[in-house]
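Work through the exercises below with the model open. Try each task before reading its solution.

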Amino acid sequence: MSLLLKSSVNLYKLNPKSIQQQAARSFLTKKKCPPKTEEESQCGRAASASGRVNEIAAGYKLLKDKQARFQVKDNLPVWLKGGPMDRMLYVSTVGLSVVGLGCSLAFISMMALK
């Protein structure tokens, strides 16, 4: 018997109840995860050198401030919420795209008319 035929016969013999029992058996016999150390159980809180656990890192505060700035409902698209630098980058990108498209069309028309 070929391997494919054997596996299909084995699948045919299984019923939902036996699959459920087999899954429960493998779940119950799995190794449990080792207990977490004190450092791992702090859930992202930054511990300083002096051992203070409740102190929040400065980078985390900056990240939360930036997230709050992007969550403000001011009817701006997300690519412009960064401030004037984002607007300058957006306008220059659109401008260069238009110039490139114009140059491409001029080149194509010049080649077509020759």
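The exercises go from the overall fold to single side chains.

This is a predicted model: local features need pLDDT of at least 70, side-chain atom pairs count only at pLDDT 80 or more, and totals for chains, interfaces and linings use all residues. Residues are numbered from 1 along each chain as its sequence is written, and side-chain values use heavy atoms, with hydrogens and water left out.

**Exercise 1. Describe the elements of the protein and the confidence in them.**

Step 1. Count the elements. There are 4 helices and 0 strands. Helices (H or I, at least four residues) and strands (E, at least two) are DSSP runs, numbered from the N terminus. The order from that end is α-α-α-α.

Step 2. Check confidence. pLDDT is the predictor's confidence in each residue, from 0 to 100. The protein averages 76, and 54% of the residues score at least 70.

Step 3. Compare elements. Helix α1 (residues 3-13) has the lowest mean pLDDT, 59. Helix α4 has the highest, 96.

**Exercise 2. Assess the surface and the buried share of the protein.**

Step 1. Take the total. The accessible surface is about 10800 Å², by the Shrake-Rupley method with a 1.4 Å probe; for residues, only the protein chains shown count as cover. Carbon and sulfur atoms hold 65% of this surface.

Step 2. Sort the residues. Buried means under 20% relative accessible area, exposed over 50%, partly exposed in between (1.4 Å probe, protein chains only). Of the 114 residues, 3% are buried.

Step 3. Look for a nonpolar patch. Val78, Trp79, Tyr90, Val91, Val94 and Val98 form one on the surface, with about 590 Å² of accessible area together. Patches are made of residues with over 30% relative accessible area and no salt bridge: like charges are joined within 9 Å, nonpolar side chains (Val, Leu, Ile, Met, Phe, Trp, Tyr) within 5 Å.

Step 4. Place one member. Val78 sits in the loop between α3 (58-71) and α4 (84-113). Val78 counts as exposed because its relative accessibility is 54%.

**Exercise 3. Find the partner of Lys81 in a salt bridge.**

Step 1. Locate Lys81. This residue is in the loop between α3 and α4. Is Lys81 buried or exposed? Its relative accessibility is 14%, so Lys81 counts as buried.

Step 2. List its contacts (heavy atoms within 4.5 Å). Beyond neighbours within four places in sequence, Lys81 touches Arg69, Phe70, Val72, Asp74, Leu76 and Asp86.

Step 3. Apply the salt-bridge test: a side-chain nitrogen of Lys or Arg within 4 Å of a carboxyl oxygen of Asp or Glu. Asp74 is the partner, with the closest N and O atoms 3.4 Å apart. Side chains of opposite charge can pair when their charged atoms come close. The whole structure has 1 salt bridge. Asp74 is partly exposed, since its relative accessibility is 36%.

Step 4. Check the backbone. A polar atom of the Lys81 side chain lies 2.6 Å from the backbone oxygen of Val72.

**Exercise 4. Characterise Asn75 by its phi angle.**

Step 1. Read the angle. Asn75 is not a glycine, yet its phi is positive, about 55°.

Step 2. Add the setting. Asn75 lies in the loop between α3 and α4. At 81% relative accessibility, Asn75 is exposed.

Technical notes:
Polar contact = N/O pair within 3.5 Å; in protein donor to acceptor, adjacent residues only side chain to side chain.
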